[in-house]
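New to this one? Have a look at the chain below, and then we'll walk through it together.

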Amino acid sequence: MEKIQMMLFLFCFFIFVMPCYSVSPRNFPIIPFDEGYTPLFGDHNLIIHSDSKAVHLLLDESSGSGFASHDLYLHGYFSASIKLPSDYTAGVVVAFYLSNGDMYEKNHDEIDFEFLGNIRGKDWRIQTNVYGNGSTNIGREERYGLWFDPSEEFHHYSILWTDSKIIFYVDDVPIREVKRTESMRGDFPSKAMTLYSTIWDASTWATNGGKYKVNYKYAPYIAEFSDFVLHGCAVDPIEHVTKCDSAQSSETVPSDVTQLERIKMENFRLKHMTYSYCYDKTRYKVPLPECVIDSRQAERLRKFDPVTFGNGRHRRGKRHHQNKVTSF
Ligand SMILES: *[C@@H]1O[C@H](CO)[C@@H](O)[C@H](O)[C@H]1NC(C)=O
């Protein structure tokens, strides 16, 4: 099977290149910032560029900043091109995420892309996570390095959310697929959410579990955004009625990972993943039921971090990984 996949990949790569790839994020309509979004906080640190095609979010000593979508969405494809701050960025977090935490205090849903800054000379890390119906005590974090420097150029970061799966993309590479399983029950996000993007000071946890803090000598930290795509089933924020029917929304959002994309995803994960809750033995003695363990990945992570992913080398006493505490 693997051989066939590889041959298919090579065939497509050399003969056709483009036609083998499925719909790219660029095929969805790109909207001006004003049309889809509104400032959320730190208004003086949110700079909208004249034509509303790009936005800068700043973090300085006075505040971070952020924006939110006008509408709520029940499923869809959400994307932006993002260029992250460069140089010393320890403690800085840039987030691109869906949430309904402002409406559901106890049982909110959330789908996160989080960019974790780093000390000089070390790369940004990406973290993805999913919560459903208030499952905040069950972390489903994954973290990865990237195959490029995200502070050098704009890259597309996208979230696809349907009734049955969530896929995170970096440019056109799916990096994670969360399938809705029976065992996840309410933990799979199922209520309409707002799209947010923010930059903030996460000195307490973002870099080596809080070891390196934000240094305002390097402020302002500037995250740049463009190519806004909000392609989903909009829900009126007051009336909570959808503005489209579900058949329509699932038709317009392609949700299948092609063979080729799956190969790219596996390659990415085997090369760049640095943390996965499914392999974290200090946190979950038995992996959560939705976890599908890949023996190559298990082996790789075990070599990379024997304490977290190893066998029979548990630390005594307190758990190493609390919710959202990062250690890499
Ligand atoms: C979500 O949580 C609430 C209680 O907080 C519960 O009543 C409800 O059944 C849950 N929904 C799902 C889909 O699990």
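## Glu114

Glu114 counts as buried, because 21 other C-beta atoms lie within 10 Å of its own and 20 or more is what it takes to be called buried. Keep in mind that this is a predicted model.

You'll find Glu114 in strand 6. Setting aside neighbours within four places in sequence, Glu114 touches Val93, Ala95 and Gln127.

## Glu110

Now slide along to Glu110, which is also found in strand 6, a run covering residues 110–116. Is Glu110 buried or exposed? Neither label quite fits: with 19 other C-beta atoms within 10 Å, Glu110 is partly exposed, since a buried residue needs 20 or more.

Once neighbours within four places in sequence are left out, the contacts of Glu110 are Tyr97, Leu98, Ser99, Gly101, Tyr131 and Pro189.

Why look at these two glutamates? An unreviewed UniProt entry puts the feature "active site" at Glu110 and Glu114. Such annotations may be inferred rather than shown by experiment.

## Around the ligand

Which residues surround the ligand? They are Lys106, Asn107, Asn133, Gly134, Arg185 and Gly186. Sorted by class, that shell holds four polar and two charged residues, with no nonpolar ones.

## The whole chain

Stepping back, the chain has six helices and 14 strands. Of its 328 residues, 36% are buried.

How about contacts along the chain? Take those between residues at least 6 apart in sequence: 70% of them join residues at least 24 apart.

Conventions
Residues numbered from 1 in each chain as written. Predicted model: local features only at pLDDT ≥ 70, side-chain atom pairs only at ≥ 80, totals over all residues. Near = placed C-beta within 6 Å. Nonpolar A, V, L, I, M, F, W, Y, C, P; charged D, E, K, R; others polar. Helix = DSSP H or I, 4+ residues; strand = E, 2+ residues; numbered from the N terminus. Buried ≥ 20, exposed ≤ 12 C-beta atoms within 10 Å, placed from the backbone. Contact = placed C-beta atoms within 7 Å.
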